[in-house]
Amino acid sequence: MKDTSMIRRNLAILVGIVIAIGALTLIFWPTAKDDDHTEEEAEAETPEGVVTLSEEQISEAAIQLTAVRSGAAVELVFPATVAASPTASARIDARASGVVRSVGKTLGDYVSRGETVARIESADAAALASQLSAARARVGELSAAYERERRLFEANVTARQDLEAAQANLSVARSELQRAQAAVAAAGVSGDGRSLAVTSPLAGRITAAPIVLGAFVNAGEELYSVVDPNGLQIEVALPSAEASRIQPGDEAVLVVGDGREIGARVRSVTPSLDPESRSATAVLSLSRGIPGLQPGAFLQARIRPSGEIDRDRIAVPEDAIQVVEGRDVVFVRTKTGFQAREVQVGTRSAGMVTILSGLQEGWRIAVANAFLLKAELGKEGAEHGH
């Protein structure tokens with residue numbers, strides 16, 4: 001009986017050992033699923049945005065490198081107003097008192113220099129036409145008198161003094177005729193001598209047209225305003241604390257309503273402050289015309305004072321910035337090629353972009369032909385996806 005009990009106890013121990021060994025085997029034996037998981041983790045650990053290129057390939061692609069250096073140009077931001085330069089705007093007034101008989105242009109129309117934009121019926125027109133007629137008659141009369149004296153002189157009937165007096169009178173009359181003709185032409189007197197022409201002194205667009213057909217106007221009353229869109233300038237109000245930092249020749253960038261950036265340059269700065277606003281005015285000239293820009297419009301001006309550098313910021317050439325999947329990236333040189341690093345960009349000016357985060361001083365980055373790395377990255381991504 002005792003032997004049977006001992007045998008049963010030994011069998012139970014043996015069975016327990018076998019079960020324990022089987023459990024340990026199941027726990028530690030690698031499965032196909034575990035292998036797949038390990039491969040996925042290894043793939044996940046591979047950095048994204050890597051482009052593998054040798055030195056020879058980089059040279060053949062003409063990819064230029066530059067080292068990241070701290071120091072970005074300082075930019076001061078000011079509100080600005082669009083204005084017409086003195087030579088690009090004109091006020092067209094009535095030349096004489098009278099009634100507006102024709103209106104040739106309206107608000108927004110284009111006019112050329114010297115073009116008639118309206119006509120005014122005026123007594124002044126009749127007076128000028130009368131003076132011209134009188135001057136012509138006088139010249140005709142004295143011309144006949146001179147010819148008569150010339151014939152008598154040649155026949156030895158009259159003295160030379162009489163001929164010379166007739167010639168002098170004719171010269172004076174001709175001068176008066178020329179003056180009358182110039183006055184009529186300048187006033188644009190109509191053929192019937194009843195109306196005067198209102199002309200534009202410059203080419204541009206009508207920006208104001210208070211003229212009313214049939215209305216009586218006084219001499220000097222405004223009828224139109226004309227602005228040449230190619231002669232616009234930008235006026236920037238500079239606070240007294242910043243005025244001394246801005247000098248003629250400083251570069252600037254203008255930001256228009258739709259986000260476009262237009263290059264400009266400081267042309268002049270007033271030497272004194274306005275007594276009321278306590279600010280100076282900087283006048284900026286545009287590098288090119290801005291379609292649709294009107295005098296009185298408000299803009300944002302970013303001016304870069306010459307010689308001022310912000311050592312705490314980084315700026316890189318615009319060519320270094322590439323957009324990959326909606327993100328701004330810069331390709332940083334590595335031992336095996338390049339690594340695309342996402343960056344946060346700031347202002348753009350004069351071909352440079354301020355980097356707010358994502359780069360460190362000393363890194364070498366791709367500049368010229370960096371777009372080739374973007375294309376290569378997209379190609380590798382497509383191949384990897386397949």
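Let me start with a word we'll need: a residue counts as exposed when its relative accessible area is over 50%, and as buried when that area is under 20%. Keep that in mind, everyone, as we look at this model, which is a predicted one.

With that cut-off, take Phe 216. It comes out at 53% relative accessibility, so it counts as exposed. Phe 216 belongs to strand 11, which covers residues 216-217. What does Phe 216 touch, leaving aside residues up to four places away in sequence? The contacts are Ser 97, Gly 98, Val 99 and Glu 221. Val 99 is worth a second look: 117 residues separate it from Phe 216 in sequence, yet their C-alpha atoms are 4.3 Å apart.

Let me step back to the whole chain. There are 386 residues, and 32% of them are buried. The secondary structure amounts to seven helices and 24 strands. Among contacts with a separation of 6 or more, 74% are between residues 24 or more positions apart. The exposed surface is about 23,100 Å², with carbon and sulfur atoms supplying 53% of it.

Now, back to strand 11 and the sheet it belongs to. This is an open sheet of four strands in the order 9-8-6-11, and the pairing is antiparallel. Strands 9 and 11 are at the edges with a single partner strand each, so one side of each has no neighbour in the sheet. Further in, strand 6, residues 98-103, is joined to strand 8, residues 116-121, by four bridges, and the two run antiparallel. One of the pairs there is Ser 102 with Arg 119 in strand 8. Strand 8 also has five bridges to strand 9, again antiparallel. On that side, Thr 116 is opposite Thr 199 in strand 9.

Strand 9 brings us to helix 4. Which elements cover the buried residues of helix 4? Strand 9, residues 195-199, is included, and so is helix 5, residues 160-187. The buried residues themselves are Ala 125, Leu 128, Ala 129, Leu 132, Ala 135, Val 139, Leu 142, Ala 145, Tyr 146 and Glu 149. For those of you who like a sanity check on geometry, helix 4 has 32 residues, 123-154, so at 1.5 Å a residue it should span 46 Å; the end C-alpha atoms are 47 Å apart, which agrees.

There is another open sheet of four strands, also with antiparallel pairing, and its order is 5-12-10-7. Here strand 5 (89-93) and strand 7 (110-111) take the edge positions; each has a single partner strand, so one side of each is left without a neighbour in the sheet. In this sheet, strand 10, residues 204-208, and strand 12, residues 222-227, are paired antiparallel over three bridges. One such partnership is between Ala 208 and Ser 225 of strand 12.

Next up is strand 14, residues 251-255. Is strand 14 largely enclosed or largely open? Four of its five residues are buried, so the rest of the structure largely encloses it. Strand 14 has antiparallel pairing with strand 15, residues 261-269, over five bridges, and Val 253 has Gly 263 of strand 15 as its bridge partner. Five bridges also join strand 14 to strand 17, residues 298-304, in the antiparallel sense. There, Ala 252 is partnered by Ile 303 in strand 17.

Since I'm among people who enjoy torsions, here are a couple of backbone details. Most residues other than glycine have a negative phi. Glu 325, which is not a glycine, has a positive phi of about 55°. Glu 325 is in the loop between strand 19 (322-324) and strand 20 (327-333), and is exposed at 74% relative accessible area. Asn 369 also has a positive phi, near 65°. You'll find Asn 369 in the loop between strand 24 (364-366) and helix 7 (370-385). With a relative accessibility of 25%, Asn 369 counts as partly exposed.

One last stop, for the aromatic rings. How many aromatic pairs does a search of the whole structure find? It finds zero. There is, however, a charge over a ring: the charged end of Arg 333 sits over Phe 338, 5.5 Å from the centre of the ring.

That's my tour, thanks for listening!

Technical notes:
Residues numbered from 1 in each chain as written. Predicted model: local features only at pLDDT ≥ 70, side-chain atom pairs only at ≥ 80, totals over all residues. Heavy atoms only, no water. Buried < 20%, exposed > 50% of the residue type's maximum accessible area, 1.4 Å probe, protein only. Contact = heavy atoms within 4.5 Å. Areas by Shrake-Rupley, 256 points an atom, 1.4 Å probe, with all protein chains shown as cover. Phe/Tyr/Trp six-rings, centres within 6.5 Å; stacked < 30°, edge-to-face > 60°. Lys NZ or Arg CZ within 6 Å of the ring centre and 35° of its normal. Pairing = 2+ DSSP bridges. Expected span 1.5 Å × (residues − 1).
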